[in-house]
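Colleague: Please show me the model. I would like to ask about the terms used for it.

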2 protein chains.
Amino acid sequence: MPDLSEVPFAEHVVELADLAKALGHPARVRILEVLAQTPGCICGDIVVQMPLAQATVSQHLKELKRVGLIDGEISGPRTCYCLNLEKLARAREMFTSLFAGIGCCGSEGELHGIDPQ
Amino acid sequence: MPDLSEVPFAEHVVELADLAKALGHPARVRILEVLAQTPGCICGDIVVQMPLAQATVSQHLKELKRVGLIDGEISGPRTCYCLNLEKLARAREMFTSLFAGIGCCGSEGELHGIDPQ
DNA sequence: TATTATAATCGTAAATTGGCGATTAACGAT
DNA sequence: ATCGTTAATCGCCAATTTACGATTATAATA
């Protein structure tokens, strides 16, 4: 996670790249799927559905939490994870906006400029 | 790029993660923007719009080419890069499908299962 | 043919990532 | 108070990523 105030790229570019990076590993995409499918979002339930050690899954969860795509709520000895739908919606908008500004009928000018927050 | 035939994740998960990884750096997102804006898609034109050395930009171009989001056509001493709109469309579909399967009104069952190729 | 311009590649260094076992912390339940 | 369960963190290592200068290859052009 580069220092946003220092990098010479536009903020929306950095934000999108950071989200993409978080999605840039099969385990993390899979975790999102599992969380979407599993009502009880206990960490252990995720681990058993994954071909990775508990420590590794925990790392991936941490990364997803870092960008805000999931939330983790400590509940006794266990942690309940769930999708952050607001953040997911924003991520979807940013990707949609990127592809719209890039791939489609030349609406030049502002490319995927989404108003922050 | 993990060996697709060996990894214990579903193919669409691996494919999406790989695309996301390619988008997971500000320079590469920026390159896509530049290519969308610039009619003449010469490599040098990209380099001058980027706060990175030529060698570094070339590496990022290579990564984007690896996943097929851009094409590079050698033309004399220079290389003309352009967006691969088909691949971009597929990428857009995969991301859309991911978010639809995850973030939205419970259409359970197949999550972002896009028929390959 | 020699020169120039362009861009890919090489070599390298620093930082980050991904993986795991082991440990720790936090809590519920004996 | 002790035990067992859960999950975060630590420590470590290998592999990858990112960045750059230098070099090389290619092909126009003088």
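Modeller: Here are your questions, with short answers.

Modeller: This is a predicted model, where local features need pLDDT of at least 70, side-chain atom pairs count only at pLDDT 80 or more, and totals for chains, interfaces and linings use all residues. Residues are numbered from 1 along each chain as its sequence is written, chains are lettered from A in the order in which they are written, and side-chain values use heavy atoms, without hydrogens and water.

Colleague: What is the mean pLDDT of chain A?

Modeller: pLDDT is the predictor's confidence in each residue, from 0 to 100. Chain A has a mean of 86, and 82% of its residues reach 70 or more. Over residues 1-6 of chain A, though, the pLDDT is below 50. Where pLDDT is low, the predicted coordinates should not be read in detail.

Colleague: Why is α2(A) called largely enclosed?

Modeller: Buried means under 20% relative accessible area, exposed over 50%, partly exposed in between (1.4 Å probe, protein chains only). In α2(A), 9 of the 12 residues are buried, so the rest of the structure largely encloses this helix. Among them are A:Ile31 and A:Leu35.

Colleague: What does B:Ile46 touch, not counting residues up to four places away in sequence?

Modeller: Contact means heavy atoms within 4.5 Å. B:Ile46 touches B:Ile31, B:Val34, B:Leu35, B:Val57, B:Leu61 and B:Tyr81.

Colleague: What makes the relation of the chains that of a two-fold axis?

Modeller: Copies are superposed by least squares on the C-alpha atoms of residues with pLDDT of at least 70 in both. A turn of 180° and a shift of 0.0 Å along the axis lay chain B on chain A, with an RMSD of 0.0 Å. That is the relation of a two-fold axis.

Note on methods:
Helix = DSSP H or I, 4+ residues; strand = E, 2+ residues; numbered from the N terminus.
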